[in-house]
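Q: I have a model open and would like to learn how to read its features one by one. Could you walk me through it?

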Amino acid sequence: YPEELVDEFVKFFTYEGDVVFDPFVGVGSTVVSALRLGRSGVGIELNPDFYDVCKSRCESEMNLLNKSCRFNVINGDTRTCVNDIPNDSVDFIMTSPPYWDILAKKRGNSDSQHNQRAQKGLQLTYSEAKEDLGNIDDYDQFLKELVKIFNKCNSKLRDKKYMCVVVQNFRNTDGEYMTFAWDLVKLLSKTWIFCGEKIWIQEDKKLGIWGFPSIFVPNIHRHYCLIFKKK
């Protein structure tokens with residue numbers, strides 16, 4: 001997601017000097033946004049290529065700053081590395097986890113995002129690592145592992161602080177519509193207080209005539225920014 005999206009939430013939920021954490025930091029949008037806004041940033045990333053990009057971006061950002069903020073980016077499996085984050089040390093969590101294995105799946109014969117990535121030689125999986133949640137075959141098991149991670153993150157937040165998780169519902173290759181966002185809300189509500197959602201529309205995605213003429217298949221350009229509060 002773009003840093004401008006992160007900016008909106010970081011400004012609303014934190015103050016200068018606060019600590020922002022992203023357990024699936026990717027190429028660093030969350031931490032870079034935090035640094036630019038005078039917050040410190042902490043992130044965990046499994047993919048070493050993404051980690052290198054993230055670290056380089058954060059270092060470049062720090063060279064431009066005249067503020068006392070700091071960053072700490074960890075290369076590893078967030079299921080274990082999250083234990084290295086001190087309890088009650090984080091003021092806000094913002095992240096976008098893997099959307100199960102959809103990056104690797106071709107779900108149409110048109111000019112789809114999957115086909116475009118293949119043509120450009122871009123990665124069609126987050127990584128090949130067995131620790132990668134995107135490589136779990138079973139959807140329910142994927143959800144179970146993801147919920148475990150977010151419940152571990154709960155103890156890292158200070159009291160009554162917030163977490164924003166950016167996710168998307170999607171259509172699987174068999175045509176089944178996967179309600180990822182609402183499945184996640186249902187499971188996390190056992191540990192977190194669900195406060196509601198804001199919608200992010202990904203305006204740069206192309207429109208496609210995916211099911212025509214045999215069946216209705218919607219274009220999905222909306223992501224749910226799910227907002228939770230620590231109990």
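A: Gladly, and let us begin with a term we will need: a residue is buried under 20% relative accessible area, exposed over 50%, and partly exposed in between. Keep in mind that this is a predicted model. Asp 88 is a good case to start with: its relative accessibility is 44%, so Asp 88 counts as partly exposed.

Q: What else should I note about Asp 88, in terms of its phi?

A: The general idea is that most residues other than glycine have a negative phi. Asp 88 is not a glycine, yet its phi is positive, at about 55°. As for its place in the fold, Asp 88 sits in the loop between helix 4 (78-81) and strand 4 (90-95).

Q: Where is Lys 160 found, and is Lys 160 buried or exposed?

A: Lys 160 belongs to strand 5, which spans residues 157-167. With a relative accessible area of 54%, Lys 160 is exposed. Lys 160 also has a positive phi, about 65°, without being a glycine.

Q: And peptide bonds: which residues does a cis peptide bond join here?

A: As a general rule, most peptide bonds are trans. In this model a cis bond links Phe 212 to Pro 213, with omega at about 5°. To find Pro 213, look in the loop that runs between strand 8 (192-201) and strand 9 (222-230).

Q: Let me step back to the whole protein. How many helices and strands does it have, and what share of its residues is buried?

A: The secondary structure comprises seven helices and nine strands. Of the 231 residues, 50% are buried. Sequence separation adds to that picture: taking contacts between residues at least 6 apart in sequence, 73% join residues at least 24 apart.

Q: How do I describe two helices that pack together, say helix 2 and helix 3?

A: Two packed helices are described by the angle between their axes and the distance between the axes. For helix 2 (residues 29-36) and helix 3 (residues 48-64), the axes come within 9 Å and the crossing angle is roughly 10°. Angles under 35 degrees count as roughly parallel, and helix 2 and helix 3 are therefore roughly parallel to each other.

Q: Which residues of helix 2 and helix 3 meet?

A: On the helix 2 side they are Ser 29, Val 31, Val 32, Leu 35 and Arg 36, and on the helix 3 side Arg 57, Cys 58, Glu 61 and Met 62. Sorted by class, this contact has five nonpolar, one polar and three charged residues.

Q: How far does helix 3 reach, and which of its residues are buried?

A: Helix 3 has 17 residues and reaches 25 Å from its first C-alpha to its last, close to the 24 Å expected at 1.5 Å a residue. Its buried residues are Tyr 51, Cys 54, Cys 58 and Glu 61. They cover an arc of only 95° around the axis, which puts them on the same side of helix 3. Their cover includes helix 2, strand 2 (40-45) and strand 3 (71-75). The face turned away from that buried side carries the exposed residues Asn 63 and Leu 64.

Q: Where does Lys 55 of helix 3 stand, given its relative accessibility?

A: Lys 55 is partly exposed, at 33% relative accessibility. Lys 55 and Phe 71 are 16 residues apart in sequence, with 9.1 Å between their C-alpha atoms.

Q: Which residues does Glu 3 touch beyond its neighbours in sequence?

A: Leaving out residues up to four places away, Glu 3 touches Ser 29, Val 32, Ser 33, Arg 36 and Arg 57. Glu 3 is part of helix 1 (residues 3-13), and at 13% relative accessibility it counts as buried. From Glu 3 to Ser 33 there are 30 residues in sequence and 5.6 Å in space, C-alpha to C-alpha.

Q: One last pair: is Ala 181 buried or exposed, and what is Asn 154 in contact with?

A: Ala 181, in helix 7 (residues 180-188), is buried at 0% relative accessibility. Leaving aside residues up to four places away, Ala 181 touches Val 167, Asn 169, Tyr 224 and Leu 226. Asn 154 lies in helix 6 (residues 139-154) and is buried at 11%. Beyond its neighbours within four places in sequence, Asn 154 is in contact with Thr 191, Trp 192 and Lys 230.

Technical notes: Residues are numbered from 1 along each chain as its sequence is written. This is a predicted model: local features need pLDDT of at least 70, side-chain atom pairs count only at pLDDT 80 or more; totals for chains, interfaces and linings use all residues. Side-chain values use heavy atoms; hydrogens and water are left out. Axes are lines fitted to C-alpha atoms, for helices over the stretch in contact, and angles run from 0 to 180 degrees between N-to-C directions. Helices (H or I, at least four residues) and strands (E, at least two) are DSSP runs, numbered from the N terminus. Angles under 35 degrees count as roughly parallel, over 145 as roughly antiparallel, 65 to 115 as roughly perpendicular and the rest as oblique. Contact means heavy atoms within 4.5 Å. Ala, Val, Leu, Ile, Met, Phe, Trp, Tyr, Cys and Pro count as nonpolar, Asp, Glu, Lys and Arg as charged, and the others, Gly among them, as polar. The expected span of a helix is 1.5 Å times one less than its number of residues. Buried means under 20% relative accessible area, exposed over 50%, partly exposed in between (1.4 Å probe, protein chains only). The arc is that of the directions from the helix axis to the C-beta atoms.
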